[in-house]
Amino acid sequence: MPYAAITYRVKPGHEDEIAAIFADFQRVDTPEYAAEDGTSAGRLLGTGVFVKDDVLVRVIHYEGDFAAVGRHMAAQRGVHVLEERLAPYLAEQRDTTSAEGFAAYFRNALMRSVAQLTVDTHPTRV
């Protein structure tokens, strides 16, 4: 079950305000998400959000097709509320008002994964 990380460049010195915004986040209506044709594409397993200075990172634990995660999140009202509240603290503004704009930002802000280790991939001792 992979992880993905999305970056946001934020204005430094606003960590508490940003933390308050994410503390009030309205969770998605369902962790299940669909492909463009409506078939099941996967499931969100969890998220974590981290902020330090001018960098905010959202880590997403999921199973299935990651491209469908962006579409799923773009359709969530809570995500749009969060984006509106977060906008004054962003160092770089972006258009996330449409599903296409949100999905484009989601793709472009995706960090390159260099390692993903879990207990499932740990070598067993003999």
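## Exercises on two pockets

The largest pocket is lined by 14 residues, and those nearest its centre are Phe25, Arg27, Val28, Leu44 and Thr47. Here a pocket is an open set of points on a 1 Å grid over the protein atoms alone, where a 1.4 Å probe fits, with protein on both sides within 12 Å along at least five of seven lines, and lining residues have an atom within 4 Å of a point. The model is predicted, with local features needing pLDDT of at least 70 and side-chain atom pairs pLDDT 80 or more, while totals for chains, interfaces and linings use all residues. Residues are numbered from 1 along each chain as its sequence is written, and side-chain values use heavy atoms, without hydrogens and water.

**Exercise 1.** Describe the lining of the largest pocket by element and by class.

*Solution.* Begin with the elements, taken as DSSP runs (helices H or I, at least four residues; strands E, at least two) numbered from the N terminus: strand E3 (40–52), strand E4 (55–64) and helix H2 (66–74) each give two or more residues to this lining. Next, E3 provides the largest share, five residues. Finally, the lining has ten nonpolar, two polar and two charged residues, where Ala, Val, Leu, Ile, Met, Phe, Trp, Tyr, Cys and Pro count as nonpolar, Asp, Glu, Lys and Arg as charged, and the others as polar.

**Exercise 2.** Describe the lining of the second largest pocket in the same steps.

*Solution.* This pocket is lined by 14 residues, with Tyr3, Ala4, Ala5, Ser113 and Gln116 nearest its centre. Strand E1 (3–9) and E4 give two or more residues to the lining, and E1 gives the most, with three. By class, the lining residues divide into eleven nonpolar, two polar and one charged.
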